[in-house]
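Please open the model in your viewer and keep the selection tool at hand. The stops below say what to select next and what is there.

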Amino acid sequence: PVLLGCGSAQPGGCPALCECSEPAKTVKCVNRNLTAVPPDLPPYVRSLFITGNPLTHLPAGAFPAQRLPDLASLNLSGNHLRTVAAGALALPALRQLDLSGNALASFSPQAFGEGGSPLEELALRGALRDHGVLLSLAALLQSGTLRNLSRLELADNGLVLLPAGMFTALPALRQLDLSNNSLVGLRNVSFQGLGQLQSLNLSDNSLGVLWNGTLAQFRSLPALRHIVLGHNAWVCDCAIEDLLAWLKESDQVEGKETLTCASPDKMLGKALLKINGSDLNCSVPIDLPSQLQTSYVFLGIVLALIGAIFLLVLYLNRKGIKKWMHNIRDACRDHMEGYHYRYEINADPRLTNLSSNSDV
């Protein structure tokens with residue numbers, strides 16, 4: 001038989017292409033070639049698995065709130081989801097949502113409805129390859145719709161930079177997984193307001209250094225006790241001094257003894273905790289503004305010296321310069337008198353005729 005998108009309901013209210021367990025309040029529609037969400041899901045379902053199907057679109061009302069008042073856990077991983085429309089996930093009891101392994105191209109910031117959502121866990125592993133979807137997710141998180149979110153998984157998405165202020169409206173967040181991305185820095189990321197954050201996974205990224213502003217945010221989070229930083233491209237030069245000092249004094253980093261340098265070549269493979277100040281050769285701190293200020297002072301001194309020498313030369317040659325000025329004045333006067341004489345001749349007709357008839 002041809003497997004259609006939904007199938008017909010079996011006795012007991014279970015869709016034909018799914019497996020249902022009323023005692024466990026569970027429905028599984030796994031690898032059943034579904035192209036749409038079955039419309040006849042049993043109202044008792046609390047845990048729903050629709051995975052491994054060619055499901056591409058979640059329209060508004062895909063999971064009717066009135067028919068599924070107790071649906072708390074929804075796993076939609078490993079499908080072919082491209083779009084999630086506004087209102088598609090507006091479920092009153094939804095606590096866990098897994099959209100991992102989908103190539104999302106459009107995710108509405110109103111996917112959970114206009115009001116707040118009770119969602120506590122959101123998994124998006126490998127689902128945010130499209131930059132537009134990342135921006136839509138950031139808008140959703142910043143709107144305050146998911147203020148109850150306690151676990152957010154954004155691993156394996158190839159993220160290079162995160163939108164500014166992405167996590168500022170998540171006061172209940174406890175676990176944040178950003179592992180296996182390509183993050184090169186966190187300077188535009190604010191962790192302020194995450195007073196409940198306990199675990200932060202930043203492993204398998206491209207971090208070269210953590211600046212003092214980020215480290216200060218880590219210190220200010222009272223519940224943060226598990227930070228994972230392994231397998232990053234740490235650059236062991238003078239800029240890493242603040243990170244080294246924080247690592248040596250902090251008990252927040254798991255496995256900090258295994259962190260090693262990725263560059264420069266002379267530091268390759270060396271443990272960060274075993275680096276001394278002499279290894280970095282930072283006896284003279286790199287302070288670009290101070291260097292520029294020093295350069296400007298030096299330039300001013302040079303210009304003042306040149307000006308003083310010029311004035312001295314003028315003073316020593318004042319007589320010659322005065323004679324030279326007089327000569328120029330006399331030459332200009334003679335030249336102007338010649339112009340004046342010619343003007344008088346041209347202006348007087350008698351002198352003009354005399355000049356033209358004269359052999360002189």
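## The aromatic cluster

Begin by selecting F191, F218 and W246, which together form one aromatic cluster. The model is a predicted one, and the search for ring pairs in it gives 2 aromatic pairs. In one of them, F191 and F218 lie 5.5 Å apart from centre to centre with 55° between their planes, which makes the pair tilted. If you colour by secondary structure, you will find F191 in the loop between strand 13 (175–177) and strand 14 (199–201), whereas F218 belongs to helix 2 (residues 212–220), so that the pair links distant parts of the chain, 27 residues apart. Both F191 and F218 are buried.

Now keep F218 and add W246: the ring centres are 5.8 Å apart and the planes stand at 40°, so this pair is tilted as well. Here F218 in helix 2 is linked to W246 in helix 3, and the two residues are 28 apart in the chain. Are F218 and W246 buried or exposed? F218 is buried, with a relative accessible area of 0%, and W246 is buried too, with a value of 1%.

## Charges over rings

Next, select R187 together with W211, where the charged end of R187 sits over the ring of W211 at 4.7 Å from the ring centre. A second arrangement of this kind is found by selecting K28 and F49, with the charged end of K28 placed over the ring of F49, 5.7 Å from its centre.

## The disulfides

Switch the display to cysteine side chains; a search of the whole structure finds 3 disulfides. Select C14 and C20, which are joined by a disulfide with an S to S distance of 1.8 Å. The link of C14 and C20 is right-handed, with 80° about the S-S bond. C14 counts as buried at 7% relative accessibility, while C20, with a relative accessible area of 29%, is partly exposed.

Move on to C18 and C29, whose disulfide has an S to S distance of 1.9 Å. With 105° about the S-S bond, the link between C18 and C29 is right-handed. This pair links distant parts of the chain, since C18 is in the loop between strand 2 (14–15) and strand 3 (19–21) and C29 is in strand 4 (residues 26–30), 11 residues apart. C18 and C29 are both buried.

Then select C236 and C261, which form a disulfide with their sulfur atoms 1.9 Å apart. The link of C236 and C261 is left-handed, with -95° about the S-S bond. C236 lies in the loop between strand 16 (234–235) and helix 3 (241–249) and C261 in strand 18 (residues 261–263), so the disulfide ties together parts that are 25 residues apart in sequence. C236 is buried, with a relative accessible area of 4%, and C261 counts as buried at 3%. As a last cysteine, select C332, which counts as partly exposed at 44% relative accessibility.

## The whole chain

Finally, clear the selection and show the full protein, which has 7 helices and 18 strands. Of its 360 residues, 38% are buried. Among contacts between residues at least 6 apart in sequence, 59% join residues at least 24 apart. If you turn on the surface, the protein exposes about 19800 Å², of which carbon and sulfur atoms supply 57%.

Technical notes
Residues numbered from 1 in each chain as written. Predicted model: local features only at pLDDT ≥ 70, side-chain atom pairs only at ≥ 80, totals over all residues. Heavy atoms only, no water. Disulfide = S-S within 2.5 Å. Buried < 20%, exposed > 50% of the residue type's maximum accessible area, 1.4 Å probe, protein only. Helix = DSSP H or I, 4+ residues; strand = E, 2+ residues; numbered from the N terminus. Contact = heavy atoms within 4.5 Å. Areas by Shrake-Rupley, 256 points an atom, 1.4 Å probe, with all protein chains shown as cover. Phe/Tyr/Trp six-rings, centres within 6.5 Å; stacked < 30°, edge-to-face > 60°. Lys NZ or Arg CZ within 6 Å of the ring centre and 35° of its normal.
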